[in-house]
Amino acid sequence: MTKIDVLLGLQWGDEGKGKIVDVLTPEYDVIARFQGGPNAGHTLEFNGTKHVLHIIPSGIFHKEKINLIGNGVLIEPRIFRQEIEALTEKGVDATLNLFISKKAHLILPSHRLMDAANEQAKGNAKIGSTLKGIGPAYTDKIARTGIRVGDILAPDFIERYAALKRQHLMMARAMDFDVDAFRIDNLSLADYEKIWMESLATLKRFRFVNSEYFINQCLRDNKKVLAEGAQAMMLDIDFGTYPFVTSSNTITAGVCTGLGIAPSAVGRVFGITKAYCTRVGAGPFPTELFDETGKRLCELGHEYGATTGRPRRCGWIDLPALRYACMINGVTDLFVTKPDVMNDFDTVNMCTHYEINGERTDEIPFEYNTADIRPLLTPFPGWKQDLNGITDYAKLPEKLRSYLDTIEQQTGVRIAAVSISPDRKDVLFK
């Protein structure tokens, strides 16, 4: 019986997970998403074309590979249909190799309404939700009132849908939210609901499976499986910067509950980190840059959310957070992305420790959101060289390799590869 390998982000998302999954997919038989939903945005770029996936696993462009949406994932039918239509336009027939867990939960239009109502109620304490209905859908899952993919085949589906919708509308009105004025993509709730219902027909074209049996049979058949995470470690509901987090377990342990496999079945853990840091939305970010350097990172790195389009906050790489992520996830292999964004920088800084109340530490404090954290920075000379055309890790500029070596030494995890452009061909394995 083979082990299941895991790939996940180690920062606050947007590390380039989709691209690395796409690069690694030829080595695997099955690519499986285990958590998150349409709040994720995995960007892949090849043959000069950019592709953005939100719910569908990043192995979908390889027609000979099996792709699985696991039970831990949330599916919004209209967004799912849009993804399928975009793939069809590119000549990809996802019905051939995409399987969907019957236990995956659905995001209803009224979940998106509740998301907006909750954010409005928080006022200045907003967490920066993508407003895709993620939090309310996971809330209903935990409250045991959610609706799952398999339920759309049940004879009482419409009645159950209507009951949950009524509950949401009652709650939103109790929060003084203007339900009648609410819009999703400039559509009223009723108009959006009509499209949502029509989108269920697209969902029904796919094979629904008991995914826990499906994935374990794949392992027994010695198929190589790669579990693909969404969001990232520092957005984990338990170990991230709570409450500025997502609503699921984004860590390696989430693979067990999000796919239905035993902890002993986990093999290698591939952790993805940028050569610097970014974050979208509210929440602590000790190394954030508010100067021209931060703006430069944003512009050169095209740091705009694949899902929201919002500009990302940018800062230097944060090694205390990275070490924490490697520890929690049992990372065995590091992938470093986007050092090319800093090709022209005279100096590149690295946060090696924090100073809190005059004391130096490399631990993430419980009071991460409120503590006065001063990042202790170590400067590195910039490599001042265009990386375009380099095809061998050993031929990277010496100053860049010194920077990467320090990341390796500080985390205690070997760097497996570095990505030096958005294209899949520019991943250099060490």
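Mentor: Before we start, contact here means heavy atoms within 4.5 Å. Keep in mind that this is a predicted model.

Trainee: Thanks! Which residues does Val413 touch, not counting residues up to four places away in sequence?

Mentor: Start with its place in the chain: Val413 lies in the loop between α11 (398-411) and β21 (415-419). Leaving out residues up to four places away in sequence, Val413 touches Cys326, Val331, Thr332, Asp333, Leu334 and Glu408.

Trainee: Is Val413 buried or exposed?

Mentor: The relative accessible area of Val413 is 7%. Buried means under 20%, so Val413 is buried.

Trainee: Which helix gives the largest share of the largest nonpolar core?

Mentor: That core has 74 residues, and Leu404 is one of those with the most contacts inside it. The largest share of this core is six residues, and they come from helix α10 (residues 319-329).

Trainee: And what does Leu404 touch, again not counting residues up to four places away in sequence?

Mentor: With those sequence neighbours left out, Leu404 has contacts with Val336, Tyr393, Leu396, Ile415 and Val418.

Trainee: Now the helices: how are α2 and α6 oriented to each other?

Mentor: Two packed helices are described by the angle and the distance between their axes. The axes of helix α2 (residues 77-89) and helix α6 (residues 189-204) come within 7 Å and cross at roughly 55 degrees. Angles of 65 to 115 degrees would count as roughly perpendicular, and those under 35 as roughly parallel. Therefore α2 and α6 are oblique to each other.

Terms used
Residues numbered from 1 in each chain as written. Predicted model: local features only at pLDDT ≥ 70, side-chain atom pairs only at ≥ 80, totals over all residues. Heavy atoms only, no water. Axes fitted to C-alpha atoms, helices over the stretch in contact; angles between N-to-C directions. Helix = DSSP H or I, 4+ residues; strand = E, 2+ residues; numbered from the N terminus. Parallel < 35°, antiparallel > 145°, perpendicular 65-115°, else oblique. Buried < 20%, exposed > 50% of the residue type's maximum accessible area, 1.4 Å probe, protein only. Core = buried A, V, L, I, M, F, W, Y, C linked by side-chain atoms within 4.5 Å.
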